[in-house]
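Grab a pencil and have a go at these exercises. Try each task yourself before you read the solution under it.

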Protein chains: 2
Amino acid sequence: MGYIITIARQFSSGGRELGRRLADELGIAYYDKEILADIQKKTPYSLSYIEEVSENRPILLPPINYGNSFALYTDVSLQQNIDVHTAQNNIIREYVEKSNCVIIGRGADYTLRDKKPFRIFVYADMESRIKRCREREEDHHKYNDKQLAKRIRAIDKKRRDYYEYYTGLKWGEKDNYDVMINTSNCDIKKLAHNLALFIKDATKEN
Amino acid sequence: MGYIITIARQFSSGGRELGRRLADELGIAYYDKEILADIQKKTPYSLSYIEEVSENRPILLPPINYGNSFALYTDVSLQQNIDVHTAQNNIIREYVEKSNCVIIGRGADYTLRDKKPFRIFVYADMESRIKRCREREEDHHKYNDKQLAKRIRAIDKKRRDYYEYYTGLKWGEKDNYDVMINTSNCDIKKLAHNLALFIKDATKEN
């Protein structure tokens, strides 16, 4: 029985750390930003462009109106977005064909829905997320708590928009996940250890 | 370090079974319907009345209008509801003073918020809940799947209304819980075992 684990997470909730530790505990591959380089190999775009596009839903421009008729036109930027997204989905599928793994974000729970991955959503209260942000981000001192909270919410919004655009599902809605974990005041190392035990046990044949 | 665990759950999602098994695994008390008899000791009401009231939010009647003036009146039924709810809260607090325990439903996560209980929400997809219902309820054969789903949703609505009336919080909203578990196709015995390990570990002093 294999392990395919997808982790969606609120920004600064510790989802990435949980994923990395979970992959270590289970001895399986871990994919996060690694995917960007693989997308680059399969598309004509630069790494920075891919990074930008792979985390944002496309901006849909209104169709251009010539006189009274609407022109049928190709939105180049939309097409590039779709190229990157398609390449990303293909690569995610290749990852799970190759070996057991943990995949962070990118709507992988939806991309892999026919494989029935173990779908985790990680969240935390704003106080813990600000604290985590301050511990990890070098430029945190530029912002007060209110400004940091605003930045955190803006990144969540980007993730939500991206997920909902490509999946048609609601990001962070319980029905789309197998377990949702509140990491406020949580020791992520212990959590990863016990969650790994649980996943091993749950996927063991009876 | 003590264990105070509250379990809120969608109807027929296995939350009660999980709670019972978790209490067994941790060797602690388990409170569900037991509370009704304790409420009876502290109020003048019958067991069946208490059962009815302790699971429903009060029905608020519109004030009676005499001519053009509104009468200030005491709604007896509302007062009785509040009596039962107050007795219930006091008993829940006595339980946790007495020993570690698992408490099912009744907004105990909110009642005990100053004790920082470990708050679990249990849910499952409708297919699994119908299956569980058919396995457990003797009169299930009277209903087809559509009718059973309707009954299940009606019971959830009662729980939601009750919780939201007494707590002002949203039932099933992730911020109000520490972990939310989807029990669709889940072995609850294994889940209880591993969740107990996790709780033991999480509450262990570093």
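**Exercise 1: Charges and polar pairs across the contact**

Task: how many salt bridges are there between chain B and chain A?

Solution. Start with the count between chain B and chain A: it is zero salt bridges, a salt bridge being a side-chain nitrogen of Lys or Arg within 4 Å of a carboxyl oxygen of Asp or Glu. Before going on, note that this is a predicted model, where local features need pLDDT of at least 70, side-chain atom pairs count only at pLDDT 80 or more, and totals for chains, interfaces and linings use all residues. Residues are numbered from 1 along each chain as written, chains are lettered from A in the order in which they are written, and side-chain values use heavy atoms, leaving out hydrogens and water.

Next, look at the whole structure: over all chains it holds 28 salt bridges. One of them pairs Lys115(A) with Glu97(A), with the closest N and O atoms 2.8 Å apart. Lys115(A) sits in the loop between helix 5 (108-111) and strand 6 (118-123) of chain A, and Glu97(A) in helix 4 (residues 76-98) of chain A, so this pair ties together parts 18 residues apart in sequence. (Helices, H or I with at least four residues, and strands, E with at least two, are DSSP runs numbered from the N terminus.)

**Exercise 2: Strand to strand**

Task: which residue is the bridge partner of Met180(A)?

Solution. First find the strands: strand 7 (residues 179-182) of chain A and strand 7 of chain B run antiparallel and are joined by three bridges. (Strands pair if DSSP finds at least two bridges between them.) Now pick out the partner of Met180(A): it's Met180(B).

**Exercise 3: Finding the symmetry**

Task: what rotation superposes chain B on chain A?

Solution. Begin with the rotation: 180 degrees, with 0.0 Å of shift along its axis, superposes chain B on chain A at RMSD 0.0 Å (by least squares on the C-alpha atoms of residues with pLDDT of at least 70 in both). That is the relation of a two-fold axis. Then check the contact residues (contact means heavy atoms within 4.5 Å): 100% of those of chain B recur in chain A, so the same surface serves both copies. Last, find the axis: Met180(B) comes closest to it of the residues of chain B, at 2.5 Å (C-alpha).
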